[in-house]
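Welcome, and please load the model in your viewer with a cartoon view switched on. We will go from stop to stop, selecting a few residues each time and looking at what surrounds them.

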Amino acid sequence: MSGPDLRRAAAARALDLVEPGMRLGLGTGSTAAAFVALLGARVRDGLDVVGVPTSEATHAAATREGIRLATLEELPELDLTIDGADEVDADLRLIKGGGAALLREKIVACASRRMVVIADAAKRVGTLGAFPLPIEVNVFGLTATRRAVEAAIARAGCTGAVALRMAPGGAPLTTDGGHHILDARLGRIADAKRLSALLWSVPGVVEHGLFLGIATAAILAEDRDGQAEITVIGSLA
């Protein structure tokens, strides 16, 4: 099975968790987009839910699907967030932010009673860090912030290059919140909790892509002889 087929299979399993009247956090990225498309079909069949999108891209996709939307100001407590991940380990620690929506994704996930990750099984890792860690930073003082981020990474016992993420046109990528992103290519993060705390000590850091203690379950789809085999980490209850 192809990657899109596996992502759709994981999204379909997550759709089983949705009940009428739920307040849903809608993630960002290709796997979350598959979930939004499937949810839209259910909504058109009569399912009554309301979603809070984690990005302008997801807002546009959900609107096209006819999903009723709200903001966290209107619905500050959510029942369930469904979102993808760039990496997930056995303890449900995540790296997120490949789609540049990590700040809103974390805010929405933390406002939810449950966060369920959907992904293909290739996103499961033994140790976080092979995927570059996104760090969302304020535009003001960017050079000073980058130097402080590099020092924090070194104090956490990690090594690797830190690069400013660029948009396709060649300018620095700007997030929906008006910030830039530094991508830290660390290879391996031995102590994610320590790195998280040290990054938070840098004043210019708005958010980072380590999601620790937030996800309650992960639904992973793997190709088994042309069929999608689903593995669940954590509890879907």
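## Stop one: strand β9

Begin by selecting residues 180–185, which make up strand β9; this strand is mostly covered, with five of its six residues buried. Keep in mind as you look around that this is a predicted model.

Now bring in the partners of β9. Strand β7 runs antiparallel to β9, and five bridges join the two. To find your place in this pairing, label L133, which stands opposite A184 in β9. Next add residues 161–164, strand β8, which pairs with β9 in the antiparallel sense over four bridges. Here the residues to label are A163 and, opposite it in β9, D183. As general background, strands of a sheet pair through backbone hydrogen bonds, either parallel or antiparallel.

## Stop two: helices α5 and α6

Select residues 142–155 for α5 and residues 192–200 for α6; their axes come within 9 Å and cross at roughly 155 degrees. An angle over 145 degrees counts as roughly antiparallel, and α5 and α6 are therefore roughly antiparallel to each other. The crossing of α5 past α6 is right-handed.

Which residues meet where α5 and α6 come together? Show side chains for V149, A152, I153 and R155 in α5, and for R194, L195, L198 and L199 in α6, which they meet.

Stay with α6 and colour its buried residues: A192, L195, S196, L198 and L199. What do the buried residues of α6 pack against? Their packing partners are α5 together with the strands β7 (133–137), β10 (205–208) and β11. Strand β7 is already on your screen as a partner of β9, and β11 leads us on to the next stop.

## Stop three: the sheet β4-β5-β11

Select these three strands together: they form an open sheet in the order β4-β5-β11, with antiparallel pairing. Strands β4 (87–88) and β11 (210–211) are at the edges, each with a single partner strand, so one side of each has no neighbour in the sheet. Zoom in on residues 94–95, strand β5, which pairs with β11 in the antiparallel sense over two bridges. Label I95 here, and you will find L210 of β11 opposite it.

## Stop four: K96

Move along to K96, in the loop between β5 and α4 (102–110). Is K96 buried or exposed? Its relative accessible area is 2%, under the 20% cut-off for buried, so K96 counts as buried.

Turn on distances around K96. A polar atom of the K96 side chain lies 2.7 Å from the backbone oxygen of G84. The side chain of K96 also makes a polar contact of 3.4 Å with that of E105. To see the wider surroundings, leave aside neighbours within four places in sequence and select the residues in contact with K96: D83, G84, A85, D86, L102, E105, M115, P134, G209 and F211.

## Last stop: S2

Finally, jump to S2, which is found in the segment before α1 (3–15). With 34% relative accessibility, S2 counts as partly exposed. Show side chains and look for D5: a polar contact of 3.0 Å joins its side chain to that of S2.

Then add G226 to the selection. How many residues separate S2 and G226 along the chain? They are 224 residues apart, and the distance between their C-alpha atoms is 9.2 Å.

Notes. Residues numbered from 1 in each chain as written. Predicted model: local features only at pLDDT ≥ 70, side-chain atom pairs only at ≥ 80, totals over all residues. Heavy atoms only, no water. Pairing = 2+ DSSP bridges. Buried < 20%, exposed > 50% of the residue type's maximum accessible area, 1.4 Å probe, protein only. Polar contact = N/O pair within 3.5 Å; in protein donor to acceptor, adjacent residues only side chain to side chain. Contact = heavy atoms within 4.5 Å. Axes fitted to C-alpha atoms, helices over the stretch in contact; angles between N-to-C directions. Parallel < 35°, antiparallel > 145°, perpendicular 65-115°, else oblique. Left-handed = near helix turned anticlockwise from the far one by under 90°.
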